[in-house]
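These are my notebook entries on a single protein model. I set out to look up contacts, strand pairing, aromatic rings and cysteines, in that order.

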Amino acid sequence: MLLMGDEVRRTQRGNNNAYCQDSDISWFDWSLLDRHGDIHRFVKALNAFRQRRDIVAEGGVLSLNQLLRRARIEWHGVALKRPDWSDHSHSLAFTLRSLRGRFLLHGMLNAYWESLTFELPLVAERQQTWRRCIDTALKSPDDICPWEDAPVVRQATYVVQPRSVVLLALALEGAAGNFPQLESFQ
């Protein structure tokens, strides 16, 4: 969930009820857009990616609960199909197929203070490859890339930097040309 100004690091200094405040606690400081343009660009690109996703069923709107019931999600840890659900775990990965079955998304979350090497699901056909769409450890503008510019990942593993998130995408059955397009957010 994003609140107004999160995309430019706006703060209310801990005040969660600034509704009746007429002070800098509730005002929007427009200079933050210049100071944190990289975060604004990332959030804008992330919203565009979400809006152009291939998970919505034709002709209908799904609630989050309906979407989760229909989703085909495989949970992983740093090793495939071995999620660590323990209290001391600092990592999680998942692979999900879009509802139309045209894309796979593989997400890796590293909440640990050191880099972790995650195994990647095997790609069935040689012409299909994972593409790195998001890696929050990279500097702007390489942290999020449109599908057509996303670097190909050919390795069987991916090193996820400390406290970061990586999202890989794979087009199935010749769907690459139909992958949700992102605009340039420079």
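Entry 1, a buried arginine. I took a polar contact to be a pair of N or O atoms within 3.5 Å, where, within protein, one must be able to donate a hydrogen and the other to accept it. The model is predicted, and I read every entry below with that in mind. I looked up Arg-41 and found that this residue lies in helix α2, which spans residues 37–51. Is Arg-41 buried or exposed? Its relative accessible area is 8%, so I recorded Arg-41 as buried, the cut-off being under 20%. I then asked which side chain Arg-41 meets in a polar contact of 2.4 Å. I found the side chain of Asp-143 there.

Entry 2, the sheet. I traced six strands in an open sheet, in the order β1-β2-β3-β8-β5-β6, with antiparallel pairing. The edges are held by β1 (72–76) and β6, each of which has a single partner strand, so one side of each is left without a neighbour in the sheet.

Entry 3, β2 with β3. I noted that strand β2 (residues 91–97) and strand β3 (residues 103–110) run antiparallel and are joined by seven bridges. As a point of register, I recorded that Leu-92 has Leu-109 in β3 as its bridge partner.

Entry 4, strand β5. How many of the six residues of β5 (residues 130–135) are buried? I found five, and I therefore entered the strand as mostly covered, taking buried as under 20% relative accessible area. I next looked up the pairing of β5 with β8 (residues 164–171), which is antiparallel and runs over four bridges. Within this pairing, Arg-132 has Leu-168 of β8 as its bridge partner. The pairing of β5 with β6 (residues 152–153) is also antiparallel, and I noted two bridges for it. Here Arg-131 is matched with Val-152 of β6.

Entry 5, aromatic rings. I recorded four aromatic pairs. I also noted a cluster in which ring pairs link Trp-75, Trp-85 and Phe-94.

Entry 6, cysteines. How many disulfides does the structure hold? I found zero. Cys-145 is in no disulfide, and the nearest cysteine sulfur, that of Cys-133, is 7.5 Å away. A disulfide requires sulfur atoms within 2.5 Å, which is why this separation rules one out for Cys-145. I entered Cys-145 as buried, because its relative accessibility is 8%. Cys-20, in turn, has a relative accessible area of 70%, and I therefore recorded Cys-20 as exposed.

Terms used: Residues numbered from 1 in each chain as written. Predicted model: local features only at pLDDT ≥ 70, side-chain atom pairs only at ≥ 80, totals over all residues. Heavy atoms only, no water. Buried < 20%, exposed > 50% of the residue type's maximum accessible area, 1.4 Å probe, protein only. Pairing = 2+ DSSP bridges. Phe/Tyr/Trp six-rings, centres within 6.5 Å; stacked < 30°, edge-to-face > 60°.
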